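Work through the two exercises below with the sequence and the model at hand. Each has a task and a stepwise solution.

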Amino acid sequence: MSDNPQPAVISLLSDLVRLNSINSHYPGGPGEREMATFVRGFLDGIGLETWVQEPLPGRPNVIARLPGKDPTRRLILEAHLDTVSVTGMTIPPFEPVITDGRLHGRGSCDTKAGLAGMMQALAGIVKEGLTPPCEIWLAAVVDEEHTFRGVLSLCDQLLEERNHPGTRVSCAAIVAEPTELRLVTANKGVLRWRIHTRGTAAHSSKPHLGHNAIEDMALIILALKEHHSALAGRPAHPLVGAPTCSVGLIEGGVQVNFVPDHCVIELDRRLLPGESADAAMAEYDVLLKGLAERHPGLAGEIEAPYIADEAMETPADSPVATTAAKVLRDLGLDGASHGVPFGCDATKLSRIGVPSLIFGPGSIDQAHGAIEYVEIAQVLKAEAFYRRMILGYTGN
């Protein structure tokens, strides 16, 4: 760590990086409890009202509230507490070393830098005794790197509030992810599912007595490759491009001298704004039925998706987007709307009617990497952006 005094937000980010908050889904991951305890202690310490949700045992969301002049309007600042594993990292994962204007460590980019910027922006506003135009929530949530249980729990609270008689609060959200300080108003959704083929086991010396499930899957994969190539020719979305799909995992057989009776693949399909998960899945059902007609005996079975998260697009003329664009221009940054291909918590908030933006320091190219880092200059600018959004967003 450099001996030079660092801005408060960088010191805070260093504290966050030192905490191991690897998602419990990954081997050896302790979960987010230690991070949640630290974040709540910080927010309590600056005088904010805080509470927790527990979407998963021992893994709490932390939510803080700063009252605003208009209690019927709310801006939610949301960031996730968890990180991916440190497997394959070539730097010490929990030592926030600063070199060449970059702070290194697991989570520094994805997405503790954004969280630190949000926390420090709130701390400065509270210290100065300023009251924002709208109520502000900071939601630090768990499990973004696996099944999104944290943001779904937050959404449940917002829906419950919405359904409560006499409660009418108009919400918008900014979700911290590494966007290189670009204003992201659209991102792709994601579908993930499995396809199985079933065969008949036999000794490999007499393969004619069996039915080879891997060979059947090979036919399916070739058909999928053709289908996925055709996706690239479909009309592209102006911000996120064309839809994509890839086969990411395959497993089959028991041992080399058996005719395999089972094979399974897993697919990852990226959805465009306006595409429905059901319509996309229906195309694969048609594809497999066509293959079965051409190849008697081939029977591919499609599992229901284990992740089905449709895409997000927030209108560029929405109040939260126009305010953000002006703030970025005032800071000398790009105020245009952009899109990203990756998914995040924003799609869940958008799906319940909360207009959402994605914004934060760092590049997605460094997230999850062997050498994860974030540019310190970007963290400072992100803090300034969050501060101006808190003080400038009126909901109109």
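The exercises cover two pockets and one strand residue. This is a predicted model, in which local features need pLDDT of at least 70 and side-chain atom pairs count only at pLDDT 80 or more, while totals for chains, interfaces and linings use all residues. Residues are numbered from 1 along each chain as its sequence is written, and side-chain values use heavy atoms, with hydrogens and water left out.

**Exercise 1.** Describe the lining of the largest pocket and of the second largest pocket.

Solution.
- Step 1. A pocket is an open set of points on a 1 Å grid over the protein atoms alone, where a 1.4 Å probe fits, with protein on both sides within 12 Å along at least five of seven lines; lining residues have an atom within 4 Å of a point.
- Step 2. The largest pocket has 19 lining residues, and E144, E145, R192, G343 and H368 are nearest its centre.
- Step 3. Its lining comprises nine nonpolar, four polar and six charged residues.
- Step 4. The second largest pocket is lined by H25, Y26, E145, H146, T147, R192, Y306 and I307.

**Exercise 2.** Is L183 buried or exposed, and which residues is L183 in contact with?

Solution.
- Step 1. Locate L183 in strand β8, residues 183–187 (a strand is a DSSP run of E, at least two residues, numbered from the N terminus).
- Step 2. L183 is buried because its relative accessibility is 1% (buried means under 20% relative accessible area, exposed over 50%, with a 1.4 Å probe and protein chains only).
- Step 3. Beyond its neighbours within four places in sequence, L183 has contacts (heavy atoms within 4.5 Å) that include A321, L328, H338 and F359.

Notes:
Nonpolar A, V, L, I, M, F, W, Y, C, P; charged D, E, K, R; others polar.
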